[in-house]
Amino acid sequence: MDAVPERVLEYLTEVEEAAEDVLTTKQQIVDLDTKRNRNREALNALKNDMSDSEKVKVCIGNMFIKFPKLKTREMIQKDQEQLDKEINNLRTGLKAKVNRLNEMQGKPELRGYNLSPLSTDEVRAINSLLKR
C-alpha cells in the first residue's frame, strides 16, 4: 500500500517541476523583453541632433564609459538581434514545455498553439495567385 502514496507524491513533484519550468521560462522572456525595450529607448535617444562623431556616455555594469555615437548604436543593434534570437528560442521551447505540462496533467493539447506566421515568400506567392 505504500507504493500508491509514493507514486502520487512523485507525480505531483513532476507536475510541479514542469510548472516551475514553464513559469521560469515565462519570466526569462519578460526580463529579456524589458531589456529589449530599454535598448529600443536607447536607440531612439541616439537619434537626436548630435553628429555621429560625438561621444555618448554608456552605462556598462556600474561604470559610465564614453563611446562614439555610431559605435554605440551598432553595439545596441547587435544586442537587440541577440535578444530577439533568445526570446524566439525561449518562446519555441515554451510551447513544448506547456504541451508537456498539459500532457502530464491529462489535459488535451492546445489547438492552434503551434501555428507559425507565413514567411514573406509565402505571402508573395499567395498574393501573386490571388491577383490572377
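Student: Is Arg36 buried or exposed?

Tutor: We judge that by relative accessible area, and a residue counts as buried when this value is under 20%. In this predicted model, Arg36 has a relative accessible area of 14%, so Arg36 is buried.

Student: Which residue forms a salt bridge with Arg36, with the closest N and O atoms 2.8 Å apart?

Tutor: To spot a salt bridge, look for a side-chain nitrogen of Lys or Arg within 4 Å of a carboxyl oxygen of Asp or Glu. Here Asp84 is the partner of Arg36, and their closest N and O atoms are 2.8 Å apart. Arg36 sits in helix α1 while Asp84 sits in helix α2, so this pair ties together parts that are 48 residues apart in sequence. With a relative accessible area of 31%, Asp84 is partly exposed.

Student: Which residues do salt bridges that share partners join into one network?

Tutor: The network is made of Asp33, Arg36 and Asp84. Let's add the other link: the side chains of Asp33 and Arg36 also meet in a salt bridge, at 2.5 Å from N to O. Asp33 and Arg36 are three residues apart in helix α1, so about one helical turn separates them. As for exposure, Asp33 has 24% relative accessibility and therefore counts as partly exposed.

Student: How many salt bridges does the count come to?

Tutor: The count comes to five. Another one to find on your screen is formed by the side chains of Asp21 and Lys97, at 3.4 Å from N to O. Asp21 belongs to helix α1 and Lys97 to helix α2, so this pair ties together parts that are 76 residues apart in sequence. Asp21 counts as partly exposed because its relative accessibility is 31%, and Lys97 also counts as partly exposed, at 25%.

Student: Now for the nonpolar residues. How many residues make up the largest nonpolar core?

Tutor: Think of a core as a group of buried nonpolar residues joined through their side chains. The largest nonpolar core has 12 residues in all, including Val15, Val22, Leu32, Leu83, Leu94 and Met104. Both α1 and α2 supply at least two residues of this core. The largest share comes from α2, with seven residues. There is also a second, separate core of five residues, and Leu46, Val56, Val58 and Ile76 are among them.

Student: Next, pockets. Which residues lie nearest the centre of the largest pocket?

Tutor: Start with the lining, and then look inwards. The largest pocket is lined by 13 residues, and those nearest its centre are Ala42, Val58, Cys59, Thr72 and Ile76. You have met two of these names already, since Val58 and Ile76 are part of the second core. The space in the largest pocket is about 280 Å³.

Student: Which element gives the most to the lining of the largest pocket?

Tutor: That is β1, with five residues. The elements that each supply at least two residues of the lining are α1 (3-45), β1 (55-60) and α2 (69-105). By character, the lining residues divide into nine nonpolar, two polar and two charged.

Student: How far apart in space are Asn102 and Ala18, C-alpha to C-alpha?

Tutor: For a question like this, compare the distance along the chain with the distance in space. Asn102 and Ala18 are 84 residues apart in sequence, yet their C-alpha atoms are 9.6 Å apart in space. Asn102 is in helix α2, and it counts as buried because its relative accessibility is 10%. Now take Leu9 and Asn37: they are 28 residues apart in sequence and 42 Å apart in space, C-alpha to C-alpha. Leu9 is found in helix α1, and it is exposed, with a relative accessible area of 57%.

Student: Let me step back to the whole protein. How many helices and strands are there?

Tutor: The protein has three helices and two strands. Reading from the N terminus, the elements run α-β-β-α-α.

Student: What radius of gyration does the protein have?

Tutor: Compare the value with that of a compact globule. For 132 residues, such a globule would have a radius of gyration near 14 Å, but the protein has 23 Å. The box filled by the C-alpha atoms, taken along the principal axes, is roughly 75 × 60 × 15 Å. Finally, buried residues make up 19% of the 132 residues, and Arg36, where we began, is buried.

Note on methods: Residues numbered from 1 in each chain as written. Predicted model: local features only at pLDDT ≥ 70, side-chain atom pairs only at ≥ 80, totals over all residues. Heavy atoms only, no water. 1 Å grid on protein atoms, 1.4 Å probe; cavity = no way out; pocket = protein on both sides within 12 Å on 5 of 7 lines; lining within 4 Å. Points joined across faces, edges and corners; volume = space filled by probe spheres on them. Helix = DSSP H or I, 4+ residues; strand = E, 2+ residues; numbered from the N terminus. Nonpolar A, V, L, I, M, F, W, Y, C, P; charged D, E, K, R; others polar. Core = buried A, V, L, I, M, F, W, Y, C linked by side-chain atoms within 4.5 Å. Buried < 20%, exposed > 50% of the residue type's maximum accessible area, 1.4 Å probe, protein only. Rg over C-alpha atoms; globule rule 2.2 N^0.38 Å.
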